[in-house]
Amino acid sequence: MIKDLHDMLDKLKQEEKVILSVAAAEDREVLLAIKDAVNKGVIQPILVGQADKIKSISNDINFKLEGVTIIDSPSMEESAKIAVELVSKEEADFVMKGLLDTSILLKSVLNKEYGLRTESLLSHVMIYQLENYHKLLVLTDGGMNISPEYEQKEKILKNAIQAVKCLGMDNVKVACLAAKEKVNPKMQATVDARLLQEACKEGKFGEGIIVEGPLAFDLAISKEASEVKGFKSEVSGDTDILLVPNIEVGNGIGKSFTYMANAKSAGIIMGAKAPVVLVSRADSHESKLYSIAYGALIAKSMK
């Protein structure tokens with residue numbers, strides 16, 4: 001089981017390289033991350049975008065392009081289309097956002113003719129490595145779905161479970177977060193959390209999965225907190241996935257991990273036929289690299 005984000009790099013080095021198509025690759029920060037991933041033996045990239053700019057930036061950052069495929073494209077929309085089609089045609093294993101807007105890439109991902117649409121829902125999965133937690137912790141969804149209804153939460157959870165299992169976890173523990181542990185009809189988060197718990201007991205999420213909810217954040221991550229409150233739990237203090245009720249909670253917890261706890265992280269979009277790597281300019285270089293590695297690991301598991 002992978003317990004450290006750096007372990008993903010070590011695992012990928014030992015296996016056949018996966019192919020990453022990059023939409024609008026003419027971006028310095030993205031190319032720096034691609035360069036690092038190539039040098040560490042994690043991926044084989046296909047760079048789609050304005051070829052002259054890609055070559056110029058690569059020269060500036062000393063990124064040797066020998067063996068790297070570059071596909072010239074005149075526009076952001078065309079770059080997204082080409083990059084996604086490469087994955088759809090199985091000429092690449094997963095796709096990454098470059099200089100273009102997220103909406104442009106996702107429009108191509110969801111295109112019915114050449115995209116990567118499935119019956120699932122696109123959702124954001126972040127994985128964190130925290131100094132004061134004993135294993136990697138996944139948070140979903142703090143980046144895509146604003147205020148998901150119950151049926152959407154089922155799909156979000158299934159996406160996260162798939163993303164976690166590629167880390168070598170056979171047994172996955174999920175905490176459905178809310179402000180309290182008792183169901184209150186006036187608090188929809190508590191109602192949905194209990195429904196997810198019941199659905200898990202009925203086998204909705206497969207074998208080896210334990211879902212509990214509603215749980216407050218402290219009970220999800222601290223066994224001591226549960227003991228003090230006299231709350232019996234199978235996941236408390238050993239949670240693998242934090243399922244949040246809405247985007248504000250997910251965004252707030254995630255940013256707190258990063259900026260207050262100095263957590264290392266990686267992020268990915270799940271729910272398509274292949275993972276989608278979306279990195280922010282505010283992400284550290286290390287986070288960008290780990291996001292590429294996490295996408296590669298998931299892509300291998302989906303092949």
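A residue is called buried when its relative accessible area is under 20%, and exposed when that value is over 50%. With that cut-off in hand, let me take you through the structure above, which is a predicted model, and let me begin with its cysteines.

Cys166 has a relative accessibility of 13%, and therefore it counts as buried. Cys176 is buried as well, because its relative accessible area is 2%. You may then wonder how many disulfides there are. A disulfide is a covalent bond between the sulfur atoms of two cysteines, and for the count we ask that the two sulfur atoms lie within 2.5 Å. By this rule the count comes to zero. Cys166 takes part in no disulfide, since the nearest cysteine sulfur, which belongs to Cys200, is 19 Å away. For Cys176 the closest cysteine sulfur is again in Cys200, and at 8.8 Å it is too far for a bond.

Let me turn now to the strands, starting with β1, which covers residues 18–23. Is this strand largely enclosed or largely open? Five of its six residues are buried, so β1 is largely enclosed by the rest of the structure. Strand β1 has β2, residues 43–49, as a partner, and the two run parallel, joined by six bridges; in this pairing Val22 stands opposite Leu47 of β2. Together with helix α2, which spans residues 28–39, β1 and β2 make a right-handed β-α-β unit. Strand β1 also pairs with β4, residues 94–97, in the parallel sense and over four bridges, and here Leu20 stands opposite Phe94 of β4.

The other strand that I would like you to look at is β6, residues 137–140. In a regular strand the side chains alternate between the two faces of the sheet. In β6, Leu137 and Leu139 are on one side, whereas Val138 and Thr140 are on the other, and all of these residues are buried, with the result that both faces of the strand are covered.

Which strands, then, are joined to β6? One of them is β5, residues 123–129, which runs antiparallel to β6 and is joined to it by three bridges; within this pairing, Met126 has Leu139 of β6 as its bridge partner. Another is β9, residues 241–243, which runs parallel to β6, and here too three bridges make the connection. In that pairing, the bridge partner of Val138 is Ile241 of β9.

Methods. Residues numbered from 1 in each chain as written. Predicted model: local features only at pLDDT ≥ 70, side-chain atom pairs only at ≥ 80, totals over all residues. Heavy atoms only, no water. Buried < 20%, exposed > 50% of the residue type's maximum accessible area, 1.4 Å probe, protein only. Pairing = 2+ DSSP bridges. Right-handed = clockwise from strand over helix to strand, strands pointing away.
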